[in-house]
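User: I'd like a close look at a single part of this one, with enough of the surroundings to make sense of it. Here it is.

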Amino acid sequence: MDSSGSAQRLEVTVEGDEGSTRLDRVLAARLPDLSRSRLKTLILAGAVSLKASAVRDPAYHVASGDTITIDVPEAAPPEPKGEDIGLDIVFEDDDIIIINKPRGLVVHPAAGHESGTLVNALIAHCGTSLSGIGGVRRPGIVHRLDKDTTGLMVVAKNDLAHASLTAQFADHGRTGPMRRGYMAFAWGLPGRHRGTVDAPIDRHPHAREKMAVRQGGREAVTHWELLESFAGRDGKPIAALLACELETGRTHQIRVHLAHIGHPLMGDAVYGPHFKTKANQLAPEAQAALTALGRQALHAYLLVLEHPRTGELLHWETGLPEDLLLLESALKAAL
């Protein structure tokens with residue numbers, strides 16, 4: 001099946017080795033480019049026929065030798081409109097696109113950000129290579145970075161890639177090779193070189209725009225390792241550069257977890273407001289760099305995953321963006 005998203009007629013002959021005689025499962029086995037939910041929608045819509053008659057029951061039992069016809073309509077145009085927004089593309093093929101997201105770019109249209117988002121940019125950039133995830137020509141967002149967090153993101157271009165990436169992100173490397181790594185500049189110096197924060201995260205009980213560590217929240221696990229420490233004007237440690245890897249993918253996870261252990265991100269006005277006075281202990285150059293940063297000092301530098309179609313292990317790394325390089329340089333200058 002091609003990835004153009006145009007209307008097409010597909011034919012499948014049941015061979016009897018699909019593992020089930022149910023119509024939906026036979027089609028899923030033979031048409032991996034279409035998700036199970038998409039196939040179910042097509043069956044219920046009467047787009048799947050056997051012996052010239054529509055079959056609208058996903059559980060209908062087919063027989064070996066049956067020829068099934070599937071009329072796949074052209075993918076509907078996306079609701080968000082494509083916008084010509086420059087992207088730093090690290091990798092792209094027919095199934096996925098990897099971008100190095102800049103600061104200030106919202107991932108998905110939402111209230112207050114109806115345009116100018118990564119989704120708008122991807123719709124314009126990818127065009128007809130988006131084959132219709134769930135029947136709509138749209139990019140498949142399987143994870144997000146906060147507006148002011150920079151770094152690597154993967155986006156699916158079709159149903160096959162979307163299903164594979166969704167499964168990989170749900171597993172987060174527990175049984176597969178997937179890895180997501182972040183560079184984080186945090187206040188203070190942890191008392192050891194590495195550690196794990198295993199603390200459930202839920203919506204904050206009073207501030208709905210924030211997340212918080214709360215009993216009964218969703219499981220959240222972050223592994224961290226100390227890479228470098230920085231001294232303040234008095235020569236005592238004041239900040240650290242940590243490499244963090246996620247075992248789960250909760251909203252604001254690293255920001256919440258580092259604040260929870262007493263080391264919030266530098267520049268994080270949401271989870272580290274009580275550390276603003278710490279800036280007075282920085283050398284003047286570092287103070288200026290932190291003020292100029294104007295965002296949480298967090299960058300997604302590492303992404304490892306299996307290619308959805310080939311199974312090949314893919315590995316990307318990207319260096320710190322200019323604003324974090326300036327912060328790092330200023331912090332080192334105080335040593």
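Leaving aside its neighbours within four places in sequence, which residues is Gly195 in contact with?

Analyst: Bear in mind that this is a predicted model. Setting aside the neighbours within four places in sequence, Gly195 is in contact with Thr222, His223 and Trp224. Gly195 itself sits in strand 10, which covers residues 194-198. Its relative accessibility is 10%, so Gly195 counts as buried, the cut-off being under 20%. Measuring C-alpha to C-alpha, Gly195 is 9.6 Å from Cys244, with the two positions 49 residues apart in sequence.

Cys244 is a handy way into the interior. In the largest nonpolar core, which has 30 residues, Cys244 is listed with Leu118, Tyr182, Leu242, Ile254 and Leu258 as having the most contacts inside it. Among the elements that give two or more residues to this core are strand 9 (179-187), strand 13 (221-231), strand 14 (237-246) and helix 5 (253-260). Helix 3 gives the most, with five residues.

Leu242 shows how some of this is put together. Leaving out neighbours within four places in sequence, Leu242 is in contact with Tyr182, Met183, Ala184, Ala186, Pro190, Trp224, Glu225, Leu226, Leu227 and Leu258. Trp224 is on that list, and Trp224 is also one of the contacts of Gly195. Apart from the largest core lies another one of 24 residues, including Phe230, Ile238, Ala279 and Ala289.

Now for the aromatics. A search of the whole structure turns up two aromatic pairs. In one of them, the rings of Phe91 and Trp316 have centres 5.5 Å apart and planes at 50 degrees, so the pair is tilted. Phe91 belongs to strand 5 (residues 89-92) and Trp316 to strand 16 (residues 313-317), so this pair ties together parts that are 225 residues apart in sequence. Phe91 is partly exposed at 26% relative accessibility, while Trp316 is buried at 9%.

The other pair is Phe185 with Phe230, and it is stacked, at 6.2 Å centre to centre with 25 degrees between the planes. Here strand 9 supplies Phe185 and strand 13 supplies Phe230, so the pair ties together parts 45 residues apart in sequence. Both Phe185 and Phe230 are buried.

Two backbone oddities are worth a glance too. Most residues other than glycine have a negative phi. Ala52, however, has a phi near 70 degrees, and its place is the loop between strand 2 (48-50) and strand 3 (53-54). Ala52 counts as exposed, with 80% relative accessibility. His172 also has a positive phi, about 50 degrees, and is found in the loop between helix 4 (159-171) and strand 9. Unlike an exposed residue, His172 is buried, with a relative accessible area of 8%.

Stepping back to the whole protein, there are seven helices and 16 strands, and the C-alpha atoms fill a box of roughly 85 × 40 × 40 Å along the principal axes. Of the 335 residues, 49% are buried. Taking contacts between residues at least 6 apart in sequence, 67% join residues at least 24 apart.

Note on methods. Residues are numbered from 1 along each chain as its sequence is written. This is a predicted model: local features need pLDDT of at least 70, side-chain atom pairs count only at pLDDT 80 or more; totals for chains, interfaces and linings use all residues. Side-chain values use heavy atoms; hydrogens and water are left out. Helices (H or I, at least four residues) and strands (E, at least two) are DSSP runs, numbered from the N terminus. Buried means under 20% relative accessible area, exposed over 50%, partly exposed in between (1.4 Å probe, protein chains only). Contact means heavy atoms within 4.5 Å. A nonpolar core is a set of buried Ala, Val, Leu, Ile, Met, Phe, Trp, Tyr and Cys residues joined through side-chain atoms within 4.5 Å. Rings of Phe, Tyr and Trp (its six-membered ring) pair if their centres lie within 6.5 Å; planes under 30 degrees apart count as stacked, over 60 as edge-to-face and the rest as tilted.
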